[in-house]
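Reader: Could you walk me through this model and explain the terms as we go?
Author: Gladly, here it is.

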Amino acid sequence: YFTDQMIQTKVSFSIAGDNFHHLVRVMRAKVNDQAEFVSKKHEVFIGKIERIDPQEAHIMPIYQLEKSAELPVEVTIACGISKGDKSEYIVQKGTEMGARNFIFLPTEFSVARWPEKKVTRKVERLQKVAKSAAEQSHRNYIPTVTYYNDLQTLSKWPGKFKIVAYEESAKHGEHTQLHAQIGKMQPNDTALVLFGPEGGLANSEVESLRDVGFVSVGLGPRILRAETAPLYLLSAISVLKEM
Ligand code: SAM
């Protein structure tokens, strides 16, 4: 990461740590190779590798690319904790599909829980997954990963669109609600969408969210797995808003 001033004044910058490892060891970049870098303002630049030292590489910024790989809407995916490595799958694929933030939280029917002492490690691991998926998919942003203790904390989320994906809504033909919600979204709006774990969400949970302004939507007539549902939502936003 480097600043715009460095581009303008053509001051070289150095990268170390994980970024150095990715560039030099994983991508096997050599001196004089060019690569894409992202500035602190999330703009993409082409930089040329001037020197490679044992622990750091020195890069000269060359020019800015006028491109954005971001969805026009800032989407936060919130998921009830599921079993196994589903959270990694959700973060990896959700990052490829354009999510800006992920929140994981225990809900009533969560079979799995994250023990308190493991939460920090889990979140750090998921944050790494997000970084690597963001690099792979040429995102301008690395999505954030956060853990919430409960649904009550989530219900205070301050953004504009608050949505809960509820299979009962799908049964009652409310999938048109999804289309309507996406239709109302404007560039730079913020949207939070909650998905249940394998066991789904309790009716009482959905009711309490509706009481604080969440809209429940169906995702079509098929019941999707907990890790598939967020991808359906992100694809729908991408198709309706990006293309
Ligand atoms: N226990 C539920 C059942 O058997 O009907 C399935 C839960 S589903 C595996 C996990 C989550 O994905 C749900 O809580 C919901 O948020 C979302 N989901 C899956 N399919 C959906 C659909 N067709 N409409 C709305 N939400 C859906």
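Below, we talk through confidence, one exposed lysine, two helices and the domains.

Author: This is a predicted model, in which local features need pLDDT of at least 70, side-chain atom pairs count only at pLDDT 80 or more, and totals for chains, interfaces and linings use all residues. Residues are numbered from 1 along each chain as its sequence is written.

Reader: What is the mean pLDDT of the protein?
Author: The mean is 91, and 94% of the residues reach 70 or more. The term pLDDT stands for the predictor's confidence in each residue, from 0 to 100. For the complex, the predictor gives an ipTM of 0.96 and a pTM of 0.89.

Reader: Why is Lys-171 called exposed?
Author: Lys-171 has 12 other C-beta atoms within 10 Å. A residue is exposed if 12 or fewer lie within 10 Å of its own C-beta, buried if 20 or more do, and partly exposed in between, with C-beta atoms placed from the backbone. Lys-171 is therefore exposed. This lysine belongs to helix α6 (residues 167-171); helices are DSSP runs of H or I with at least four residues, strands are runs of E with at least two, and both are numbered from the N terminus.

Reader: What makes the buried residues of α3 line one face of the helix?
Author: In α3 (residues 86-96), Ser-87, Ile-90, Val-91, Gly-94 and Thr-95 are buried. Down the axis they fall within an arc of 115°, so they line one face. That arc is taken over the directions from the helix axis to the C-beta atoms. These buried residues pack against β5 (74-80), β6 (101-105), α4 (116-136), β7 (144-147) and α9 (229-242). Contact requires C-beta atoms, placed from the backbone, within 7 Å. Just after α3 comes Gly-98, with a positive phi of about 110°.

Reader: How do you know which residues of α8 are on the same side?
Author: Glu-205, Val-206 and Leu-209 are the buried residues of α8 (residues 203-211). Their arc around the axis is only 95°, which puts them on the same side of α8. Asn-203, Ser-204, Glu-207 and Asp-211 are exposed on the other side. The buried residues pack against α5 (151-155), β8 (161-165) and β10 (215-217).

Reader: Which domains does the protein have, and how far apart are their centres?
Author: The assignment gives domain 1 (4-65) and domain 2 (74-242), with bounds from an automatic or database domain assignment. Their centres, taken over C-alpha atoms, are separated by 33 Å. Five residues from domain 1 and four residues from domain 2 make the contact.

Terms used:
Contact = placed C-beta atoms within 7 Å.
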